[in-house]
Amino acid sequence: MADLDDIKDGKDFGLNTPQDKQGFFLKGGAHYDWGIKNKMSRIFNPKSGRTVMLAFDHGYFQGPTKGLERIDLNILPLIEHADVLMCTRGILRSVIPPTVTKPIVMRASGGNSILSELSNETIAVDIDDAVRMGVCAMAAQVYIGSEYEHKSINNVIKLIDSGMKVGIPTLAVTGVGKDMARDARYFGLATRIAAEIGSHYVKSYFIEEGFEKVVAGCPVPIVIAGGKKLPEFEALEMAFKAVDQGAAGVDMGRNIFQSEAPIAMIKAVSKVVHELMTPDKAFQMYNDLKSEG
């Protein structure tokens, strides 16, 4: 075990040398079973190697937040334009038509609310139910540095272990407490821990300084969280910077469903993620689609 008094920040991330993918299009995935690879190939576009996940799982601790008051009215029109849907099993069963064939990443952690300590979560979905609903991945928060850090890490470990038995990958979502610094040191630590315990991919936040080091230091794909609602151009710019610096896509919610023109926004985001369309051109596309109506 390393001496805790002698931990030094990493310096050489080999930014000019991409990680060897060993024959599979996603880094870190070459040695998974066929079933895991197949599901990861549905989540990530094999041609671009990236994904646009539409996140609308916020209600599991926020309730009917703005833009998610009615999933059937606000989210269903967006589904055809997303690569992946990120939701809870309750919403999947009650609202999403079974004719939808988009891959599902299911929010599998819960047990908290905005009125309580967010890091105090538990596993809220049994693996048999995930199999029954045909999900492509399960997701749980990992709160590094929080009061319930150990519990959240253990939740993800349980998901990984149960998922591997049935060929379902796990997405670890790096939660950030109100007192935690949003910097490369923190996200580098959180994403690396998530990968080290066996997560198949990781959701994190984009940061202006050192994001490329966070990506390089994580041996599995990183998708960025959309985070709080930003002006449309800023959200598109954030997505562009993230994929340009190595992110494997976005898991975006509020910056899409709270947009003035959600369909136009998700189409513009997709162009940025899969085709590296510049923010200027993507914003123009957004405005053109918005004006069309």
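How far should the 14 residues of helix α11 (residues 262-275) span at 1.5 Å a residue, and how far apart are its end C-alpha atoms? The expected span is 20 Å and the end C-alpha atoms are 19 Å apart, which agrees. The expected span of a helix is 1.5 Å times one less than its number of residues.

This is a predicted model, in which local features need pLDDT of at least 70, side-chain atom pairs count only at pLDDT 80 or more, and totals for chains, interfaces and linings use all residues. Residues are numbered from 1 along each chain as its sequence is written, and side-chain values use heavy atoms, without hydrogens and water. Helices (H or I, at least four residues) and strands (E, at least two) are DSSP runs, numbered from the N terminus.

The buried residues of α11 include Ala 264, Met 265 and Ile 266; buried means under 20% relative accessible area (1.4 Å probe, protein chains only). The elements that the buried residues of α11 pack against include β1 (51-55) and α12 (279-292). Just after α11, Leu 276 has a positive phi of about 55 degrees.

Strand β6 (residues 137-142) has six of its six residues buried, so it is largely enclosed by the rest of the structure. Ala 137, Ala 139 and Gln 141 lie on one side, and Met 138, Ala 140 and Val 142 on the other. In a regular strand the side chains alternate between the two faces of the sheet.

Strands pair if DSSP finds at least two bridges between them. The table lists the partners of β6.

| Partner of β6 | Bridges | Sense |
|---|---|---|
| β3 (residues 104-107) | three bridges | parallel |
| β7 (residues 170-174) | five bridges | parallel |

Val 105 stands opposite Ala 137, and Val 142 has Thr 174 in β7 as its bridge partner.

Terms used: Buried means under 20% relative accessible area, exposed over 50%, partly exposed in between (1.4 Å probe, protein chains only). Contact means heavy atoms within 4.5 Å.
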